[in-house]
Amino acid sequence: MKQINLPRLAVSGLDQAAGSFFRLLKGSALKAGLPPGTPVHVGEHKSAEVRITVIDYDRGGCRITTPAEAGECAAFRNPDTVTWINVDGLHRVELIEKICACFDLHALTVEDICNTTQRPKLDIFDDHLFLVARMQSYNPVGRCLESEQFSLVLGRDFVLTFQEKAGDVFDGVRRRITSGKGKIRTMGADYLAYAMLDAVVDNYFTVLESLGEEIENIEDEVLGNPRPETVSQIHRLRRELILLRKSVWPLREVINSLMRHDENDLLGAGIAIYLKDLYDHTIQVIDTVETYRDVITGLLDVYLSSLSHRLNEIMKVLTIFAVIFIPLTFIVGLYGMNFDPASSPWNMPELRWYWGYPAALGLMAAIAGGMLIYFKRKNWF
Amino acid sequence: MKQINLPRLAVSGLDQAAGSFFRLLKGSALKAGLPPGTPVHVGEHKSAEVRITVIDYDRGGCRITTPAEAGECAAFRNPDTVTWINVDGLHRVELIEKICACFDLHALTVEDICNTTQRPKLDIFDDHLFLVARMQSYNPVGRCLESEQFSLVLGRDFVLTFQEKAGDVFDGVRRRITSGKGKIRTMGADYLAYAMLDAVVDNYFTVLESLGEEIENIEDEVLGNPRPETVSQIHRLRRELILLRKSVWPLREVINSLMRHDENDLLGAGIAIYLKDLYDHTIQVIDTVETYRDVITGLLDVYLSSLSHRLNEIMKVLTIFAVIFIPLTFIVGLYGMNFDPASSPWNMPELRWYWGYPAALGLMAAIAGGMLIYFKRKNWF
Amino acid sequence: MKQINLPRLAVSGLDQAAGSFFRLLKGSALKAGLPPGTPVHVGEHKSAEVRITVIDYDRGGCRITTPAEAGECAAFRNPDTVTWINVDGLHRVELIEKICACFDLHALTVEDICNTTQRPKLDIFDDHLFLVARMQSYNPVGRCLESEQFSLVLGRDFVLTFQEKAGDVFDGVRRRITSGKGKIRTMGADYLAYAMLDAVVDNYFTVLESLGEEIENIEDEVLGNPRPETVSQIHRLRRELILLRKSVWPLREVINSLMRHDENDLLGAGIAIYLKDLYDHTIQVIDTVETYRDVITGLLDVYLSSLSHRLNEIMKVLTIFAVIFIPLTFIVGLYGMNFDPASSPWNMPELRWYWGYPAALGLMAAIAGGMLIYFKRKNWF
Amino acid sequence: MKQINLPRLAVSGLDQAAGSFFRLLKGSALKAGLPPGTPVHVGEHKSAEVRITVIDYDRGGCRITTPAEAGECAAFRNPDTVTWINVDGLHRVELIEKICACFDLHALTVEDICNTTQRPKLDIFDDHLFLVARMQSYNPVGRCLESEQFSLVLGRDFVLTFQEKAGDVFDGVRRRITSGKGKIRTMGADYLAYAMLDAVVDNYFTVLESLGEEIENIEDEVLGNPRPETVSQIHRLRRELILLRKSVWPLREVINSLMRHDENDLLGAGIAIYLKDLYDHTIQVIDTVETYRDVITGLLDVYLSSLSHRLNEIMKVLTIFAVIFIPLTFIVGLYGMNFDPASSPWNMPELRWYWGYPAALGLMAAIAGGMLIYFKRKNWF
Amino acid sequence: MKQINLPRLAVSGLDQAAGSFFRLLKGSALKAGLPPGTPVHVGEHKSAEVRITVIDYDRGGCRITTPAEAGECAAFRNPDTVTWINVDGLHRVELIEKICACFDLHALTVEDICNTTQRPKLDIFDDHLFLVARMQSYNPVGRCLESEQFSLVLGRDFVLTFQEKAGDVFDGVRRRITSGKGKIRTMGADYLAYAMLDAVVDNYFTVLESLGEEIENIEDEVLGNPRPETVSQIHRLRRELILLRKSVWPLREVINSLMRHDENDLLGAGIAIYLKDLYDHTIQVIDTVETYRDVITGLLDVYLSSLSHRLNEIMKVLTIFAVIFIPLTFIVGLYGMNFDPASSPWNMPELRWYWGYPAALGLMAAIAGGMLIYFKRKNWF
């Protein structure tokens, strides 16, 4: 007999997912009581070194450097070339502060960069935009979403990006800059920012594909051979879709705000059609997430009705056996009674009939047959 | 006894539907990492040749040609006649690019034409409109929706349409152009585009009719003779309605945008009333889809309550039998005990009474009768 | 024992309702492929003759005629009197076309009049308004809603109305015109149109009252004596409310548009307060429909929980009997064993004790009593 | 054993509530077919006399009269003092018409006053406002909401109020006027109207408190000792909250319209802050109603899961007993067989073993013990 | 066997929560009948003394006093320094009135301060803003939310705050004022008000963290070892999230109104970016509350399906045992019958066969084995 205890693997996969799920909140609570604008790093402390990479390019060429000092970044604030400064790792708060100081960012912005539990948002300043988004990736081993905060500052001729850890979805963008393929080197910082957001959103499709495959598997399971683990998998998928939705809905708002934004001329006229395209992709991600949620809800209904049906089947088996044999067992019990034939001729004369036993067998066969016909008529099997 | 395993046919029908359901996403993921504006064909590669058909007409007559070269299309960009260029098959990307180049389309537009997982949308350019919709058809054999992307470019005197494969809902439109029936030959390219959208939306009604008949069948089944397969059919229908909804909701937005659009004069004043009519039809499709979803949700409730009721019935049968016979079986067991009458006069004197056996039978009949009366009073049968 | 098969009557009532439910869609599908503006009658073909009635009135008096020819209607297009032309029956399309031609209606309008599966809507033209609504009536025999399309064209001094069949809710309006009671004869065509819409909306209250009574009956049944038929009745009512909602929600939009409409002066200033009143009534209908839906959803919950409770009760009965008698049956079986006393003094010496039998009876009584006390303590009965 | 039949009291309480619930619609249906603006009283006909009370006051003092004739009201239409005319009882339609005629009210207004099934609404006229609201009170005996229509006409220096029956929530307002306490006598008719609406809304809090106490009781029941009556009580409460919501949601709109209203100067500038306060209270009522609905939905879930849990417990008891005793009963049956030892040495030699009986007893004890250990391990008790 | 009675502890925790839940309404009902603007304290009467604390600061330094008389507060209304007057305890209404009189607050404002069941709101006056919010804290012992009303009046150079009891989340703000750390001493009263709201919202994250941990625990329980108490815990958490949501949704509106507010110049230009940050935090709280609600709803589904699954398992055990042993018990009963062999050679000749008993044993073993194979094939264990 199967136990209801879920197998260890499924639970631990869930635990991992739960960890990242609830971790998103714990950071913010640490900060309660501190004055606003105090940057505190609230992600997991990575042992790895913080790495700063500067890519400086124009139509002519591109130069990649990795400054040892945060202060060196100020040198790249020249209006001739587009500069992309990427920071991997956020736990050295004073370093982040120094970089931000080079570009005159507000204290609240520095705080938001370090607090990695931000909701995607767009802050519009006089001479730069500040944008927070989340990069999602799907860990196929632990079968859970992994989420990383991605902050972007777009100035007139520079883009600053801050990530929690090394490794990202921007390799394609880097390759295009270094190789000079596509139009990226001929465009300004606004196109660079767009290209990065496009990479983030495109990556959501990869995540959705993985989730879609899991849903397909679970669907097969639910319809073919539903098991109790299925429910915890449905629960896990549902929670991951909630998480995904939590990062992509506000991203839609952010991109929508970018599209309508025309207070300062950070975004050139030519970028509008690209933002519209990006917006359409975001809507498509949202659409798919909502569709998946609908499908998963439907799967739970199917699972529950299949449990109910299975119970019906089990009870039918039990009932058919019980109802057929209970009268028979009564009859054999009846003729097992020990009423004394010597005391009275009325004491079980059947036992002494010539055809007594065959008649009893026949009676029982008739009862069993009648029952079977009755159940057949009721479509019980 | 029926097994809970679903019959092969139903499952495989579902698999097919699931295939087309999840396929809609996989394409987009292939593209992650490529620069924006890179056209990649993400549908299923058709072995069939790409076919270009040009219909060129004016009030006077109409000419149909099938150019061998994509470059020949440029010749049709003359302002005197209305030209409809239709392309069946999207897997030869370079060919699509050439045709689009003839009409100066944006790189992102070409990308959207080839990526067949687009959400319906409208892009407004200075001298043309770009519109994506989905054609749905119902495959009665596999009992699943089949979906095809349909892209339309409306210029001042031309319409370009791109479809994934040959065979469409535009035969009526073609017939009207060639025969000169109706007002289509007297109107401009805007009316042609409207006529095609109208054909697409009218076709949704055909799909809805097929789904409506399936829902009616399932309703009969649920109310008359609910079976476990019914749930998987309800699940399949629900998923198909989700898919249908996903294509028709954004189509409503598209047509609404067309109605409000007056930035350039691509849409003549006379077309407004036709677009309003089209919009009303789209709303009616949406209304019906939502109604079907409501009805299907209701059917699942009915199915579950019928399962519960059936379980109640089964348990009643079991309980009536068990409760009547359990005391009787106890009594016959009682008088089957072997207490030795020789050891004591108190050892089962009943067995030696003159009316012992008839009395026992009478007692049992009384118990059974009492039970039956009790159940009758409780309305158990 | 009751069968789960629903009684014939209920099912057939449902079938009828389902027929009218799904019929609303089939018509539209017939039209796919035809050019826009082709009027096709898509309702059920009535054998009855099409009947045209003309009521022509002013402050002074009123004249009722039934023209034999559709062309005669043109004569009533005079600006001095208010003319109401009513057409019962829509299957003779060419006749409808002729009448519409007399008043210069658009081809799409004629199409909408004949296609009886329209969603309620308002089309505003330069010199007339076109309005579609649905009249609902409740058929107490088949216990289902019957729905009929009602089209109204309001011109400067005429009102055209088109209905699917004879018999309507406008008898009160006709009586007021002929008798000259109320202010109807002193007002223009706009007031006549309002009076008819008012009659349509007032009739919804009658329908709601019938549905309300059915809900009350079902509520009594669910709380007093829930039966399996109850679920199919709940399902039927739910579907009828969906239908009602589908006709009244867009009607609200129509009346709202009428209230805000001031592009042409078809609606006089004095009519505004009447339209506001009509709008309030429509809102009240919507409110009640939504309330009924809430109540019905609640009833299904109550029904399901009553099924669950009943199952609990049945299982309690079974369990009490089984748990009391199972140990007793074991004991009587024990002393029915045939271990040979001659082979060993340990072979069932109880059978030869002097108080053996009474002791066994006492033991069994004690067990049964203990069990009863245990169940009493657990509040099982 | 408990019967599923609900106790008479609960059902009858529900019937009463249902009566008032469905009564709200029946009135409107009576009117179908009558011309608009025909006042018909559609509430329950009260035998009590209609009572008119006039309170006429200014900063200096206040005078209360009860005019015998409706026509006397016209005398109070003087601009110097504020006049409050209150009418208890609406069944003498001609009397209402006379009073309304004194103040030049529209025929539709008179109709709305008499039709007591109105949805709360605000009609704005040139020189007066017409407002309908509902007063709710909680009948603790029948445990149901009682609802009464309250119509208010606010003119420049008068307020007319119409109620269905005597007895209301305005005693506090009257006391303040007669005693001259507060600022009411120093303010105009607009403040009087506000004070009355404030009393109506404050009274909703009293009703909510009663409902809140009932919900608390039901919550205790559901968590402690769920009974089948609980479901019908939950259903009743849910319906009452639906009713309450139906009266308070449109009231919010009414007060919101009052706040934004500045077409005529009936509402003085000083009244704005009071209306804002009133609006906040209405929002609070709505908030609480929605919260209660959420809680009640949650309670039903808890009830259903507690039923499921209870069924599990019952089935565990049954299963433990059955599974332990079924093998034992088999064994005792086995040794109750009558195979003839004389025919063969293989015919049940156990019966003639020296330790046969004790061995059989031991075997049975071992089986029972094993079963108990197995169930213990599975955490079944 | 476990009882369904919930353990005392859980229920009493729930009672406490329910108390605070329903207490929020009772106060308002006390007030019905009183004139508007009558301040009545409707919270729990605290025995503690009301405590007034005045913090008066400017760039140069800060002074803390605790005035004995309410009237002394008037002295602090000087335009040179920022004054924060905090009042702990609201039960001495006349004292609150005196303080409010010093700053010319409206009577309705005083009423709102004392009535501690207010919904968060913002009232805008000519020379001050009045704002009500709720401070939530999580009581880890009773495992319930504790809620306290917090009123704030922001004038040009003063902030008045009113709390129900001593002890709050403003210690950090006080410390920053006294120590002069951060920019608080260099900014005006508007920044002080912002800092306090920021502390309130930051505290919500602490509460959410506690709730998140509880949800994590319950999730582990539901997936690992679901118990009946779990449901009442889910219910409690759900209710607490409803409460939290009720305080944070209107707070969002309040902060949004503050952001858009520019009627008077109480809020300096520099404060806008801080309010935007605060608004983002509030949105994040709302997001998390909604996510938690989704997760909890999912947990209930998982719990119910795990109950259903468990029932299936129990019934399988019962059915396997019953179905295997019922035929065996019939057979042993059969050969326990007492048909007299002397009367007829057909009376149970099996009993006298040489291999009779072994054959019967073999038959029974075959039946049991067959059953086991059947169940194995049906995947029952």
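Two residues are taken to be in contact here if their C-beta atoms, placed from the backbone, lie within 7 Å. With that cut-off in hand, the reader can turn to the structure, which is a predicted model, and begin with the place where chain B meets chain A: there, 59 residues of chain B are in contact with 63 residues of chain A. On the chain B side of this meeting, the elements that give two or more residues are α1 (8-30), β4 (121-124), α6 (228-260), α7 (272-334) and α8 (356-377) of chain B. Of these contributions, the largest share comes from α7(B), with 17 residues. Sorted by class, the side of chain B that touches chain A has 38 nonpolar residues, alongside 10 polar and 11 charged ones.

The meeting of chain C with chain B can be followed in the same order. Here 60 residues of chain C are in contact with 64 residues of chain B, and the elements of chain C that give two or more residues to the side touching chain B are α1 (8-30), β4 (121-124), α6 (228-260), α7 (272-334) and α8 (356-377). The largest share of that side, 17 residues, is provided by α7(C), while the division by class gives 38 nonpolar, 11 polar and 11 charged residues for the side of chain C that touches chain B.

How are the copies placed relative to one another? A turn of 72°, together with a shift of 0.1 Å along the axis, lays chain B on chain A with an RMSD of 0.1 Å. The two copies are therefore related as by a five-fold rotation axis. Among the residues of chain B, the one that comes closest to the rotation axis is Gly336(B), whose C-alpha lies at 4.7 Å. The two copies use different surfaces where they meet, since 17% of the contact residues of chain B recur in chain A. For the next pair, chain C can be laid on chain B by a turn of 72° and a shift of 0.0 Å along the axis, with an RMSD of 0.1 Å. In chain C, the residue that comes closest to the rotation axis is Gly336(C), at 4.6 Å for its C-alpha, and in this pair, too, the copies use different surfaces, with 17% of the contact residues of chain C recurring in chain B.

Within chain B, a useful place to look is strand β6 (residues 144-154), which is mostly covered, as 9 of its 11 residues are buried. Strand β5 (residues 129-139) of chain B pairs with β6(B) in the antiparallel sense over 11 bridges, and within this part of the chain Phe130(B) has Val153(B) of β6(B) as its bridge partner. The hairpin of β5(B) and β6(B) has 4 residues between the strands, and in this hairpin Arg143(B) takes a positive phi near 45°. β6(B) also pairs with strand β7 (residues 158-163) of chain B, again in the antiparallel sense, over 5 bridges, and there Ser151(B) stands opposite Phe162(B) in β7(B). These two strands, β6(B) and β7(B), form a hairpin with 3 residues between them.

Finally, the view can be widened to a whole chain. For chain A, the domain assignment gives domain 1 (8-306) and domain 2 (310-377), and the C-alpha centres of these two domains of chain A lie 74 Å apart.

Terms used:
Residues are numbered from 1 along each chain as its sequence is written. Chains are lettered from A and ligands numbered from 1 in the order in which they are written. This is a predicted model: local features need pLDDT of at least 70, side-chain atom pairs count only at pLDDT 80 or more; totals for chains, interfaces and linings use all residues. Ala, Val, Leu, Ile, Met, Phe, Trp, Tyr, Cys and Pro count as nonpolar, Asp, Glu, Lys and Arg as charged, and the others, Gly among them, as polar. Copies are superposed by least squares on the C-alpha atoms of residues with pLDDT of at least 70 in both. A residue is buried if 20 or more other C-beta atoms lie within 10 Å of its own, exposed if 12 or fewer, and partly exposed in between; C-beta atoms are placed from the backbone. Two strands pair if DSSP finds at least two bridges between them. Domain bounds come from an automatic or database domain assignment.
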